[in-house]
Amino acid sequence: MPNQIKFGTSGWRAVMAEDFTFANVRRAVSGIARYVVSQKPAGARVIVGRDPRFLGETFCSMASDILIAHGITPLLIAEAAPTPAISYAVTREHADGAINFTASHNPPEYNGIKFSTPDGAPALPEVTRHIEAEIAAFDANAISKTTSAKPKPETLDPRGSYLTRLREIIDLPTIKKAGLRVVFDPFWGAGCGYSDSLLREAGVEVAAVHDYRDVLFGGHAPEPDDHLLNDLRTKMRQTNAHIGIATDGDADRFGIVDQDGTFFQPNYIIALLFDYLVETRGWKNGVGKSVATTNLINALAVHHHIPLHETPVGFKYIGEMIKQDRIVIGGEESAGLSIRHHVPEKDGILAGLLCCEMVARRNQSLKSQLDALFVKVGSFYPRRENFRLTPEVKAKFTGKLTLNPRDFCGRKVKEVVRTDGLKLICDDGSWVCYRLSGTEPVVRVYTEAGSEQELEKMSAAAKQWIFE
């Protein structure tokens, strides 16, 4: 019996030659093809794209053949393309979905398949359940519902139209006028040649690092996190840059470094951009964030008299609100965001360019801007930690997650939130959120407090509560 292919919050990911095999890719794509045909029996068109990972071109060719066998016209992207560019292409081309071979920020030995629906958004759970059922049906018959009508594959280059859309969103003349100097790190990924070429074309001084294909991503995960941004910092010192912007393997996540080399965690970037977009665009329709993202956004929503929408973890929930035009910006602490009138998908390229615009227009470092936010609505210090659990500890802890504690870390619990996992909000505004991983014996712990000292106490108490 073949292994079950499960689509998580960002599609299906697995280690190549272990579970991500040609046979399993054939199963997964056949399941997607069967799903598409069930939604549109004739004339369907599906985009096929990839990030720069090993064998990406081969997997795209294979997917194209499977789609053709099902009577679906594949729109094949030749070069590696950012996930947000593929998302934008789906709606622009009125395609019936997209198959994107990417494992995003996972280590280089991984690959994955992400399916986007005709709205350009990540497939919602009801869609992925349908696809998983179609994979099971394919496995049972070992013969797919192929058709005699064989459409011809078409080619697609999403780059031009996506960059045109970014020119409409980003105030590039303001960035140029401010004399901003920028360094861009695409982490050898699909973002190569996007942010830097757009800025350069606008007359902005920009330098880049890691802007070529390397299927090993320098020997580590293509994740724009603090400890992996030292080459970016070195280039920033060499060029006396005002800001460093980075994207992950498929350019849907972002990493931002301030003028002094300080990494700015995504929690703060989303909050700063929320405040900035309200100020400069005048939008006030709402703000979206996952339950694990900083409550600085909650405080800003109150300050600006804007409705707040708190979602489970998974950008698809925020994407839904983007589609419905309910929010100015939506973001997750794991470095995903998008904004009003844009794609219902994470966009790391957009995030970096908006930060450039914000720093240029306000003529202030990110730290100065965050200090001003703290003065306006109070200070917030968030943290995320992962803890591995033994089977015994996990069983006991899973039981504890059903409880409603009345106090935590010497504070009174004023609210218990179960949007995703267990979130305990204390009367002083500090909070802890526990989420069990669905794929490994790990609990993700998010804490936040009003000072660094109080954060240390909350963090220690959060860990103690797991293991006591």
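In the predicted model, Asp 325 is placed in the loop that runs between helix 11 (315-323) and strand 14 (329-332). The phi angle of Asp 325 is near 55 degrees, a positive value in a residue other than glycine. With a relative accessible area of 31%, Asp 325 is partly exposed. A positive phi is also found at Phe 217, again a residue other than glycine, where the angle is near 50 degrees. Phe 217 belongs to the loop between strand 8 (205-208) and helix 8 (230-239). The relative accessible area of Phe 217 is 0%, and this residue is therefore classed as buried.

Two helix pairs were examined for their packing geometry. Helix 9 (residues 266-281) packs on helix 12 (residues 348-362) at an angle of about 60 degrees, and the two axes lie 10 Å apart. An angle of this value falls outside the range of 65 to 115 degrees that counts as roughly perpendicular, and helix 9 and helix 12 are therefore described as oblique to each other. Their crossing is left-handed. On the side of helix 9, the contact is made by Ile 269, Leu 272, Leu 273, Asp 275, Tyr 276, Leu 277, Glu 279, Thr 280 and Arg 281. Helix 12 contributes Ala 351, Leu 354, Cys 355, Glu 357, Met 358, Arg 361 and Arg 362. Sorted by class, the residues in this contact comprise 9 nonpolar, 1 polar and 6 charged. Asp 275 and Glu 279, both listed in the contact on helix 9, and Arg 362, listed on helix 12, are linked with Lys 376 in a network of salt bridges.

The second pair consists of helix 14 (residues 391-400) and helix 15, which pack at an angle of about 110 degrees with axes 8 Å apart. Because angles from 65 to 115 degrees count as roughly perpendicular, helix 14 and helix 15 are assigned to that category. Val 393, Phe 397 and Lys 400 of helix 14 meet Trp 465, Ile 466 and Phe 467 of helix 15. The class composition of this contact is 5 nonpolar residues, no polar residues and 1 charged residue.

Side chains of opposite charge can pair when their charged atoms come close. In total, 33 salt bridges are present in the structure. One of them joins the side chains of Lys 6 and Glu 132, with an N to O distance of 3.7 Å. Lys 6 is located in the segment before strand 1 (12-15), whereas Glu 132 is part of helix 4 (residues 125-141), so this pair ties together parts of the chain that are 126 residues apart in sequence. The two partners fall into separate accessibility classes: Lys 6 is partly exposed at 48% relative accessibility, while Glu 132 is buried, with a relative accessible area of 13%.

A further salt bridge is formed by Arg 411 and Glu 454, whose closest N and O atoms are 2.1 Å apart. Arg 411 lies in strand 18 (residues 411-417) and Glu 454 in helix 15 (residues 452-467), so that parts 43 residues apart in sequence are tied together by the pair. Arg 411 is buried at 8% relative accessibility. Glu 454, at 25%, is instead partly exposed, because buried status requires a value under 20%. In another salt bridge, Arg 435 pairs with Asp 420, the closest N and O atoms being 3.2 Å apart. This pair ties together parts that are 15 residues apart in sequence, since Arg 435 is in strand 20 (residues 431-436) and Asp 420 in the loop between strand 18 and strand 19 (422-426). Both Arg 435 and Asp 420 are buried.

Strand 18 also contains Val 416. Val 416 is partly exposed, its relative accessible area being 31%. Residues up to four places away in sequence being excluded, Val 416 touches Asn 404, Leu 422, Lys 423 and Leu 424. The C-alpha atoms of Val 416 and Leu 403 are separated by 9.6 Å, and these two residues are 13 residues apart along the chain.

Finally, Ser 64 is situated in helix 2 (residues 56-69). The relative accessibility of Ser 64 is 4%, and the residue therefore counts as buried. Neighbours within four places in sequence being left aside, the contacts of Ser 64 are with Pro 74, Leu 76 and Pro 153.

Terms used. Residues are numbered from 1 along each chain as its sequence is written. This is a predicted model: local features need pLDDT of at least 70, side-chain atom pairs count only at pLDDT 80 or more; totals for chains, interfaces and linings use all residues. Side-chain values use heavy atoms; hydrogens and water are left out. Axes are lines fitted to C-alpha atoms, for helices over the stretch in contact, and angles run from 0 to 180 degrees between N-to-C directions. Helices (H or I, at least four residues) and strands (E, at least two) are DSSP runs, numbered from the N terminus. Angles under 35 degrees count as roughly parallel, over 145 as roughly antiparallel, 65 to 115 as roughly perpendicular and the rest as oblique. A crossing is left-handed if the near helix is turned anticlockwise from the far one by less than a right angle, and right-handed if clockwise. Contact means heavy atoms within 4.5 Å. Ala, Val, Leu, Ile, Met, Phe, Trp, Tyr, Cys and Pro count as nonpolar, Asp, Glu, Lys and Arg as charged, and the others, Gly among them, as polar. A salt bridge is a side-chain nitrogen of Lys or Arg within 4 Å of a carboxyl oxygen of Asp or Glu. Buried means under 20% relative accessible area, exposed over 50%, partly exposed in between (1.4 Å probe, protein chains only).
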